[in-house]
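Biologist: I should like a close look at a single part of this protein, namely the second largest pocket and what supplies its lining. Please then place that part in the context of the rest of the model.

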Amino acid sequence: MGLKDRLQNDLKDALRNRDEIRKSVIRMALAAITNAEVEQRGELDDAGVIVALQKEARQREDAIAELRQADRPDMLAKEEAELAVLEEYLPTLLSREEIAQEARQVIAEVGATGMGHMGPVMRELMSKLKGRADGRLVNEVVRELLAG
């Protein structure tokens, strides 16, 4: 069963169980997937679905950071609950050490010697790690490795 099918089945369960948060998050996720399919003019595979879900999760993470700064605990709890539901459908992300290991390998393959080679390293590394690592963290690790 694909990830999209799993989401649809879980939506039915959430409707039966009257789980409002889960229902609204899954509906939002399915809408994001549908929008991505319209943009790509075709059905998404599991990797494409994961990318759409990661985008939604990233939006929740950004909102959580802003709400913490604004000291809004009322809205913060809702965003954190939504993020928790989304994370159930996302694969576990690579750790900083695992990203660094992959980055060192790509840096060696590309023959990068400094920050001037950041673009080719990032292109290669992100294609390898697609869906398994946060892009911001990958960028940070590559910058550290190329600078140091």
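Modeller: In this predicted model, two helices, α2 (20-40) and α3, each supply at least two residues of the lining of the second largest pocket. The residues that line this pocket are Ala32, Asn35, Ala36, Glu39, Gln40, Leu44, Asp45, Gly48, Val51, Ala52, Lys55 and Glu56. By character, this lining divides into 5 nonpolar, 3 polar and 4 charged residues; the charged ones include Glu39 and Lys55. The volume of the second largest pocket is about 250 Å³.

The largest pocket has a volume of about 300 Å³. It is lined by 19 residues, of which Gln54, Arg58, Leu90, Leu93 and Asp134 are the closest to its centre. Elements giving two or more residues to that lining are α3, α4 and α6 (118-129). The greatest contribution comes from α3, with 6 residues. The lining of the largest pocket comprises 9 nonpolar, 4 polar and 6 charged residues. Helix α3 is thus named for both pockets: it supplies at least two residues to the lining of the second largest and gives the most to the lining of the largest.

Helix α3 also packs against another helix. Two packed helices are described by the angle between their axes and the distance between the axes. For helix α1 (residues 3-17) and helix α3 (residues 46-69), the angle is about 55° and the axes are 8 Å apart. Because of that angle, α1 is oblique to α3. On the α1 side the contact is made by Leu3, Lys4 and Leu7, and on the α3 side by Asp46, Val49, Ile50 and Leu53. Of the residues in this contact, 5 are nonpolar, none is polar and 2 are charged.

Two residues of helix α4 deserve separate mention. Glu82 lies in α4, which covers residues 73-87. Its relative accessibility is 6%, so Glu82 counts as buried, the cut-off being under 20%. Not counting residues up to four places away in sequence, Glu82 touches Val25 and Arg60.

Leu76 likewise has its place in helix α4. With a relative accessibility of 14%, Leu76 therefore counts as buried. Leaving aside neighbours within four places in sequence, Leu76 is in contact with Ile64, Leu67 and Arg68. The C-alpha atoms of Leu76 and Met115 are separated by 38 Å, these residues being 39 apart along the chain.

As to the setting of these parts, the secondary structure of the protein comes to 7 helices and 0 strands, and the elements run α-α-α-α-α-α-α from the N terminus on. The C-alpha trace spans about 55 × 40 × 25 Å along its principal axes. The protein has 148 residues, of which 38% count as buried. Among contacts between residues at least 6 apart in sequence, 59% join residues at least 24 apart.

Key: Residues are numbered from 1 along each chain as its sequence is written. This is a predicted model: local features need pLDDT of at least 70, side-chain atom pairs count only at pLDDT 80 or more; totals for chains, interfaces and linings use all residues. Side-chain values use heavy atoms; hydrogens and water are left out. Axes are lines fitted to C-alpha atoms, for helices over the stretch in contact, and angles run from 0 to 180 degrees between N-to-C directions. Helices (H or I, at least four residues) and strands (E, at least two) are DSSP runs, numbered from the N terminus. Angles under 35 degrees count as roughly parallel, over 145 as roughly antiparallel, 65 to 115 as roughly perpendicular and the rest as oblique. Contact means heavy atoms within 4.5 Å. Buried means under 20% relative accessible area, exposed over 50%, partly exposed in between (1.4 Å probe, protein chains only). On a 1 Å grid over the protein atoms alone, a cavity is a set of points where a 1.4 Å probe fits but cannot get out, and a pocket is an open set with protein on both sides within 12 Å along at least five of seven lines; lining residues have an atom within 4 Å of a point. Grid points are joined across faces, edges and corners, and a volume is the space filled by probe spheres set on the points.
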